[in-house]
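Visitor: Please take a close look at one single part of this model with me, and set it in the context of the whole chain.

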Amino acid sequence: MNLNTTSDIYSPVLDDTSTYIDTNNITFPIKCPCTNKDFFNKNTFNIHRRKTKKHKDWLAELNANKTNFYKDTILLNELVKQQQEMIISRDNIIQTQKLHISHLEKQISKNVPTYNLLDLD
Ligand SMILES: [Zn+2]
């Protein structure tokens, strides 16, 4: 049995005029970003998108900001690339420090005196 515990995020499609429109190509459950609410069947989702002002306003907002999404995507891709480079750099630093620590531990184990320091005057 396959239990789908996380909902896909609903995304409208672009029509011939590059306008975002609602789509029927949906797998339930689905989460609509306009309310962050999960929908578990076609009937309740159809009522939601046809009758709620919030969903209609959200779709209108998507269409009003289409060019900004393109700009946002470019900026986010650049940010992801920078963060990947930072992660690689940090990983390299950590590996170098691990080697240094290991080296120091070996030196310490060779040089530690075996007598009890509390017996010293
Ligand atoms: Zn919605």
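Guide: Of the 121 residues of the chain, 4% count as buried, where buried stands for 20 or more other C-beta atoms within 10 Å of a residue's own, exposed for 12 or fewer, and partly exposed for the range in between, with C-beta atoms placed from the backbone. This is a predicted model, in which local features need pLDDT of at least 70 and side-chain atom pairs count only at pLDDT 80 or more, while totals for chains, interfaces and linings use all residues. Residues are numbered from 1 along each chain as its sequence is written.

The part to look at closely is the open sheet, whose three strands have the order S1-S4-S5 with mixed pairing; strands here are DSSP runs of E with at least two residues, helices are runs of H or I with at least four, both numbered from the N terminus, and two strands pair if DSSP finds at least two bridges between them. Its edges are strand S1 (8-9) and strand S5 (37-39), each of which pairs on one side only. Strand S4 (residues 30-32) runs antiparallel to S5 and is joined to it by three bridges, and Cys32 has Lys37 in S5 as its bridge partner.

In the wider chain there are three helices and five strands, with the order β-β-β-β-β-α-α-α from the N terminus on. Helix H3 (residues 66-111) holds Lys71, which is exposed because 10 other C-beta atoms lie within 10 Å. Between Lys71 and Leu99, 28 residues apart in sequence, the C-alpha to C-alpha distance is 43 Å.
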